[in-house]
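Visitor: I have a structure to go through with you. Can we start with the cysteines and then move on to charges and the surface?

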Amino acid sequence: MTTKEYFKRWKTYLNNPVSRVEFIVTLLLLVITVFSFSRYLLFNEARHGAVLDDPVLKHFNAVDLNPVLFFAIYSSLIIGLVSFSFTPNRLLLAFQTYTLMVIFRMTAMYLVPLDPPPGCIDLDDPVVFILGTGQKIIKDLFFSGHTSTAFMLFQIARNKFLKGYFLIATITVGSCVILQKAHYTIDVFAGLVFSYTSYQLVKSFHRKFKSDLGHL
């Protein structure tokens with residue numbers, strides 16, 4: 001696709017009043033939700049949480065895999081945003097799914113407050129630190145946001161090579177946070193479930209109200 005075709009596709013999409021309003025509202029909700037989540041994380045850090053007796057984590061010592069983990073997740077995010085932007089409806093789907101997923105995550109963290117596993121190595125996420133709270137966050141445990149985000153990208157992608165990359169990224173991220181003891185095992189598996197649920201709910205919403213998202 002040429003640059004001209006790219007911008008023509010976006011122009012056609014935004015010329016539709018319904019699509020334009022939906023995209024703007026989605027962006028506003030995404031910004032509000034992410035901002036609210038960054039404030040919620042500060043509240044959550046001050047809460048007392050439970051320490052789970054994880055049957056997997058007790059068999060090994062934590063390994064620092066931060067570089068591998070963050071390369072996997074942020075390369076996936078960049079690739080995903082760029083590739084989805086060629087199809088406005090698919091980018092919209094990603095934004096809406098992510099927004100719902102963050103809402104689920106805030107709710108789950110509130111209902112299931114946890115303290116980090118013994119011997120954990122913190123996730124030194126520079127983006128969360130700089131753009132989010134400005135301080136280290138260690139209690140955003142249930143469920144794994146990095147794993148659920150990578151899996152969301154896998155579900156939304158339609159190109160088989162992208163799906164393969166995002167699947168590898170999901171497995172890599174999930175394995176890294178467990179080996180680093182930055183999350184309990186249940187956090188990772190719950191992340192997959194909530195990611196899948198968020199995606200399916202957004203798809204069902206569009207199908208019910210006859211959105212033109214096309215082949216989902």
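Visitor: Is Cys176 buried or exposed?
Guide: Cys176 counts as buried, at 5% relative accessibility. Keep in mind that this is a predicted model.

Visitor: And Cys120, what does it count as?
Guide: Cys120 counts as partly exposed, because its relative accessibility is 25%.

Visitor: How many disulfides does a search of the whole structure find?
Guide: The search finds zero disulfides.

Visitor: Why is there no bond from Cys120?
Guide: The closest cysteine sulfur, in Cys176, is 15 Å from the sulfur of Cys120, so the two are too far apart for a bond. The cut-off for a disulfide is sulfur atoms within 2.5 Å. Seen from the other end, Cys176 is in no disulfide either, and its nearest cysteine sulfur is that of Cys120.

Visitor: OK, charges. How many salt bridges are found in the whole structure?
Guide: The search gives two salt bridges. One of them joins Asp140 and Arg105, with the closest N and O atoms 3.5 Å apart.

Visitor: Where do Asp140 and Arg105 lie?
Guide: Arg105 is in helix H4, while Asp140 is in the loop between helix H5 (126–133) and helix H6 (145–156). The residues are 35 apart in sequence, so the pair ties together separate parts.

Visitor: Are those two buried or exposed?
Guide: Asp140 counts as buried, at 19% relative accessibility. That value sits under the 20% cut-off for buried. Arg105 counts as buried too, at 9%.

Visitor: Which side chains meet in the other salt bridge?
Guide: Those of Asp115 and Lys139, at 3.2 Å from N to O. This pair also links distant parts of the chain, 24 residues apart. Asp115 is in the loop between H4 and H5, and Lys139 is in the loop between H5 and H6.

Visitor: What are the relative accessible areas of Asp115 and Lys139?
Guide: Asp115 has 13% and is buried. Lys139 has 15% and is buried as well.

Visitor: Changing topic to the surface. Which residues make the nonpolar patch?
Guide: Met1, Ile78, Val82 and Phe86 make a nonpolar surface patch of about 380 Å².

Visitor: Where does Phe86 lie?
Guide: Phe86 lies in the loop between helix H3 (66–84) and helix H4 (88–111).

Visitor: How exposed is Phe86, and why does it qualify for a patch?
Guide: Phe86 is partly exposed, with a relative accessible area of 31%. Patch residues need over 30%, so Phe86 meets that cut-off.

Definitions and conventions
Residues numbered from 1 in each chain as written. Predicted model: local features only at pLDDT ≥ 70, side-chain atom pairs only at ≥ 80, totals over all residues. Heavy atoms only, no water. Patch = residues over 30% accessible without salt bridge, like charges linked within 9 Å, V, L, I, M, F, W, Y side chains within 5 Å. Areas by Shrake-Rupley, 256 points an atom, 1.4 Å probe, with all protein chains shown as cover. Salt bridge = Lys/Arg side-chain N within 4 Å of Asp/Glu carboxyl O. Helix = DSSP H or I, 4+ residues; strand = E, 2+ residues; numbered from the N terminus. Buried < 20%, exposed > 50% of the residue type's maximum accessible area, 1.4 Å probe, protein only.
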